[in-house]
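The following exercises invite the reader to work through a structure step by step. Each task is followed by a worked solution.

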Amino acid sequence: MPKGRILIAKPGLDGHDRGAKYVAHLLRDAGYEVIYTGIRRSPEEIVSAAIQEDVQLIGLSLLSGAHNFLFERVLSLLAQQGADDIMVIGGGTIPAKDVPRLQSLGVRAIFTPGTSADSILRTVSRLLEERSPGDGGGRDVTT
Amino acid sequence: MIPEHIKKAAKVWSEGSLKQATSRSPERSERFETASGQAVERLYLPEEDQVAGYVEKLGFPGEYPFTRGIHPTMYRGRLWTMRQYAGFSTAEESNRRYRYLLDQGSTGLSVAFDLPTQIGLDSDDERCVGEVGKVGVAIDTLDDIEKLFEGIPLDQVSTSMTINAPAAILLAMYIAVAEKRGVMREKLSGTIQNDVLKEYIARGSYIFPPQPSLRIVSDIFAFCSREVPRWNTISISGYHIREAGATAVQEVAFTLANAIAYIETALAAGLSIDQFAPRLTFFFAAHTDLFEEVAKFRAARRLYARFMKERFGAKDPRSMMLRFHTQTGGVTLTAQQPDNNVVRVTLQALAAVLGGTQSLHTNSKDEALALPTEEAVTVALRTQQIIAHESGVTNTVDPLGGSYFLEHLTDQIEEGAVRYIREIDDLGGVVKAIECGYIQREIEESAYAYGRSVEEKRRIVVGVNEFRSDAEPEIELFEVPEEVRARQVERLESVRKRRDKRAVIKALDELRQAANDPRTNLMPPILKAVHAYASIGEICGVLREVFGEYQEMRQ
């Protein structure tokens, strides 16, 4: 019985997916069902894949500096489509000063370079556990 | 083979001094290995082959098989080109950074383009929101390129452009701007990366499927051999393959496998090997494991020379020379304790120089998080200058040559790469190996294994999984403002208004016809379109119609 379904996604035009593939592999090994979108997906494609695949969590990976726009776009599309029960986390080269804004928009956790696998696994597991009805969910930043 | 008398003496040593030492204090580990996981023995001894086989395996610098370097005097004659990769926001701002770098002693330019430019989209395309000017400079039309190189003497400075799928267009723009300023194309020197195969493997900035992409590459080879003879028509890149997680051996193997595919395509198009091979160049990463990296460069040089001579029958020695640019390894930089990155970059740059690089980019300490600040870039450039002028390693050719360890590693990397290339040949060549996901899987496995070894602390990364600081001071990061896109879109609109619309339509029609006829070289119609101020998005749009777009295989 898998522990949960997760979509790892690469929004925008950035082709660097070492990190995305690594995290996907890590989560699979930890017992999650993981779908990886591949690179260069639009926010629309990502949200529709997330709904179609019935995931509980989307992990966005971005190294191009376009996170402010693209992460926000994914969140607002989820809300528009009534799918904001799907949680969003993110990772990549994201400067510390952008983190509070992304959190306030609703990104549950941001993993910046150097984050350990353990801390990613702990956060994901906690988020999925907290995702019981009536629970507002928690927010976390890990560096 | 180790000579008999040394073997005997070694046995005495191992039963005496060594045994005593290890019984008192055991070694730190049962197994020692390079950063790429190659086994490293306690001690390397001279082998008979190193003297008996010297001429065949190492030879002399500037001569086949070029193990010790491609030039007889190496850095005693001329230092490598100090070429810092840079570009951001708009053409004017990037132009200012280039002039700054040249003022500070850079000896060549290297242009970073933003992602929309790299995948052939105009800045006003809605897919580009958030990306314009971010990882490089935004270029839409010739107008931008004119501003990018304003005040830079194109007949004196060589320019490298990290551009792949739309390489033909950017090359055409460079030629066009030079000619408008009275610099003839045969005087131009520089490099386009133009290596689409590694985009499918590792970097992701592809547009068209492999076959038409290879045709464009081969059209560029043919055009430049006639018209722009000093231009390096491709920079076959291991760098991004390494960044994606490949080992040193895989970096050499997959890069040379890609080289084989480009060469075979050009030969099939009717070019002769010595007509285009002298203008092929390479691009590798330099990581921190010094000996492994130096060995890698030497192994790549020797192996390429052998391929060119034996597999492709090259006669011109310049066709057999592996000339390469090096960049220090971006993935080795840490966001934690960023000052430490200066030290990492120093070791990596030293490896590149000891390995005989022709040009070098040193990363800046803040690049784990953002594009570098001017201050950080200056330290990175100074690092090269200190190696060049203070370290003394430039005073002799191949200073580490003859090190028992280095020669052993050089052989080992060469053998490992040969095994991989044979496997790729068996799969039907590199395009097949990409299409079935073989190469991508091999790299991903290496990346995962490396990551696990850091997680499990079998490998120490200072400041990350050991020797951590409690408080990480926030450093000032370079930032590209979001308004850049609006400014760039405005400029593009103004160019569209000013230009002769009929000339654009005519040029694009001619390009469409040329694209539909595989016997027509694409460079002349692209040049014409560029001169008419057709945009990159418009030109790539025509080519997309004819060639289609590459779809990544789901893994």
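**Exercise 1. A helix across the sheet**

Task: Determine which strands of chain B helix α11 lies across, and describe its direction relative to β8(B).

Solution. The model examined here is a predicted one. Step one is to locate the helix: α11 of chain B comprises residues 248–268. Step two is to find the strands beneath the helix, which are β8 and β9 (280–286) of chain B. Step three is the direction: α11 runs at about 140° to β8(B).

A second helix of chain B, α16 (residues 374–389), also packs on the sheet. Helix α16 touches β3 (81–86) and β11 of chain B, and the angle between its direction and that of β3(B) is about 160°.

**Exercise 2. The sheet of chain B**

Task: State the order of the strands in the open sheet of chain B, and identify the edge strands.

Solution. Begin with the order: 9 strands follow one another as β7-β6-β5-β4-β3-β11-β10-β9-β8 in chain B. The pairing between them is parallel. Next, consider the two ends of the sheet. The edge strands are β7 (231–232) and β8 (234–237) of chain B, each of which pairs on one side only.

Then examine one pair in detail. Strand β10 (residues 324–328) of chain B and strand β11 (residues 359–361) of chain B run parallel and are joined by 3 bridges. Within this pairing, B:H325 has B:S359 in β11(B) as its bridge partner.

**Exercise 3. The overall form of chain B**

Task: Decide how the compactness of chain B relates to that of a globular protein of its length.

Solution. First, take the inventory: chain B contains 23 helices and 11 strands. Second, compare the radius of gyration with the globule rule. The value for chain B is 24 Å, and the rule gives 24 Å for 555 residues, so chain B is as compact as a globular protein of that length. Third, note the extent: along the principal axes, the C-alpha atoms of chain B fill a box of roughly 85 × 60 × 50 Å.

Two further values complete the description. Of the 555 residues of chain B, 50% count as buried. Among contacts in chain B between residues at least 6 apart in sequence, 77% join residues at least 24 apart.

**Exercise 4. Two helix pairs**

Task: Describe the packing of α21(B) with α22(B), and then that of α13(B) with α15(B).

Solution. Two packed helices are described by the angle between their axes and the distance between the axes.

For the first pair, take helix α21 (residues 501–516) and helix α22 (residues 523–531) of chain B: their axes come within 9 Å and cross at roughly 165°. An angle over 145 degrees counts as roughly antiparallel, and α21(B) and α22(B) are therefore roughly antiparallel to each other. The crossing of α21(B) and α22(B) is left-handed. Among the residues that meet are B:L508 and B:L511 in α21(B), and B:P525 and B:I526 in α22(B).

For the second pair, helix α13 (residues 290–311) and helix α15 (residues 340–354) of chain B pack at about 30°, with their axes 8 Å apart. The crossing of α13(B) and α15(B) is right-handed. From α13(B), B:L290, B:E293 and B:V294 make the contact; from α15(B), B:L347, B:L350, B:A351 and B:L354 do so.

**Exercise 5. A loop of chain B**

Task: Examine the loop between α3 (54–57) and β3 of chain B, where B:P65 is placed.

Solution. Start with the peptide bond from B:Y64 to B:P65, which is cis, with omega near 0°. Next comes B:F66, in this loop as well. Phi of B:F66 is near 60°, a positive value in a residue other than glycine. To classify its burial, apply the cut-off of 20 or more C-beta neighbours within 10 Å: B:F66 has 26 inside 10 Å and therefore counts as buried.

Finally, turn to B:M74, placed in the loop between α3 and β3 of chain B. Phi of B:M74 is near 40°, again a positive value in a residue other than glycine. With 23 C-beta neighbours inside 10 Å, B:M74 counts as buried.

**Exercise 6. A strand of chain A**

Task: Establish whether the faces of β4(A) are covered or uncovered.

Solution. Strand β4 of chain A spans residues 87–92, and 6 of its 6 residues are buried. On one side lie A:M87, A:I89 and A:G91, and on the other A:V88, A:G90 and A:G92; both faces are covered. Strand β3 (residues 57–62) of chain A pairs with β4(A) in the parallel sense over 6 bridges.

Note on methods:
Residues are numbered from 1 along each chain as its sequence is written. Chains are lettered from A and ligands numbered from 1 in the order in which they are written. This is a predicted model: local features need pLDDT of at least 70, side-chain atom pairs count only at pLDDT 80 or more; totals for chains, interfaces and linings use all residues. Two strands pair if DSSP finds at least two bridges between them. Helices (H or I, at least four residues) and strands (E, at least two) are DSSP runs, numbered from the N terminus. Two residues are in contact if their C-beta atoms, placed from the backbone, lie within 7 Å. Axes are lines fitted to C-alpha atoms, for helices over the stretch in contact, and angles run from 0 to 180 degrees between N-to-C directions. The radius of gyration is taken over C-alpha atoms; the globule rule is 2.2 Å times the number of residues to the power 0.38. A residue is buried if 20 or more other C-beta atoms lie within 10 Å of its own, exposed if 12 or fewer, and partly exposed in between; C-beta atoms are placed from the backbone. Angles under 35 degrees count as roughly parallel, over 145 as roughly antiparallel, 65 to 115 as roughly perpendicular and the rest as oblique. A crossing is left-handed if the near helix is turned anticlockwise from the far one by less than a right angle, and right-handed if clockwise.
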